[in-house]
Amino acid sequence: MSRALAVFHYRPMTALRERCPACNRRLITTRFDTTFRMPDQTERLCFGIPGGLCEDCHQLYIEPDLIELLELGTGRCTFAIESDLVIQEQAWSA
Ligand SMILES: [Zn+2]
């Protein structure tokens with residue numbers, strides 16, 4: 001079951017946290033399918049990104065290494081949905 005989640009910010013984190021550093025609410029830690037808007041107004045879709053999301057703050061926490069890898073440093077996360085690609089993911093890693 002997947003949920004649509006609007007996200008307006010994302011922040012790097014040093015490790016997967018259980019709670020939001022801003023409001024201490026429990027984070028949803030799973031994989032997300034996300035859309036990022038880049039400075040040149042193009043959109044980039046990234047699937048199955050592991051992260052933690054705070055529903056109250058609309059804040060998505062992603063590991064800095066991953067942000068660097070995906071070259072999202074200057075982008076803005078505009079949308080995220082819980083990934084339901086678990087079966088495909090298992091196929092990829094096989
Ligand atoms: Zn929060």
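Two strands pair if DSSP finds at least two bridges between them. Strands (E, at least two residues) and helices (H or I, at least four) are DSSP runs, numbered from the N terminus. This is a predicted model, in which local features need pLDDT of at least 70, side-chain atom pairs count only at pLDDT 80 or more, and totals for chains, interfaces and linings use all residues. Residues are numbered from 1 along each chain as its sequence is written.

**Strand pairing**

- β3 (28-37) and β4 (residues 43-54) run antiparallel and are joined by 9 bridges.
- Within this pair, arginine 31 stands opposite proline 50 in β4.
- β3 also pairs with β6 in the antiparallel sense, over 6 bridges, and threonine 34 stands opposite alanine 80 in β6.
- β4 and β5 are antiparallel too, with 3 bridges; cysteine 54 has glutamine 59 in β5 as its bridge partner.

**Hairpins and positive phi values**

- The hairpin of β3 and β4 has 5 residues between the strands, and glutamine 41 there takes a positive phi near 75°.
- The hairpin of β4 and β5 has 4 residues between its strands, with histidine 58 in the turn at a positive phi of about 55°.
- Histidine 58 counts as partly exposed because it has 15 C-beta neighbours inside 10 Å; the partly exposed class lies between buried (20 or more other C-beta atoms within 10 Å of the residue's own) and exposed (12 or fewer), with C-beta atoms placed from the backbone.
- Glutamate 71, in the loop between α1 (64-69) and β6 (76-82), has a positive phi of about 55° although it is not a glycine.
- Glutamate 71 is exposed, because 11 other C-beta atoms lie within 10 Å.

**Strand β5 and the nonpolar core**

- In a regular strand the side chains alternate between the two faces of the sheet.
- In β5 (residues 59-62), Gln59 and Tyr61 point one way, Leu60 and Ile62 point the other way, and all are buried.
- The largest nonpolar core (a set of buried Ala, Val, Leu, Ile, Met, Phe, Trp, Tyr and Cys residues joined through C-beta atoms within 7 Å) has 13 residues, of which Phe32, Leu53, Leu60, Ile62 and Ala80 touch the most other members.
- Two or more residues of this core come from each of β3, β4, β5 and β6.
- In soluble globular proteins, nonpolar side chains tend to be buried together.
- Leu60 and Ile62, among the core residues that touch the most other members, point the same way from β5.
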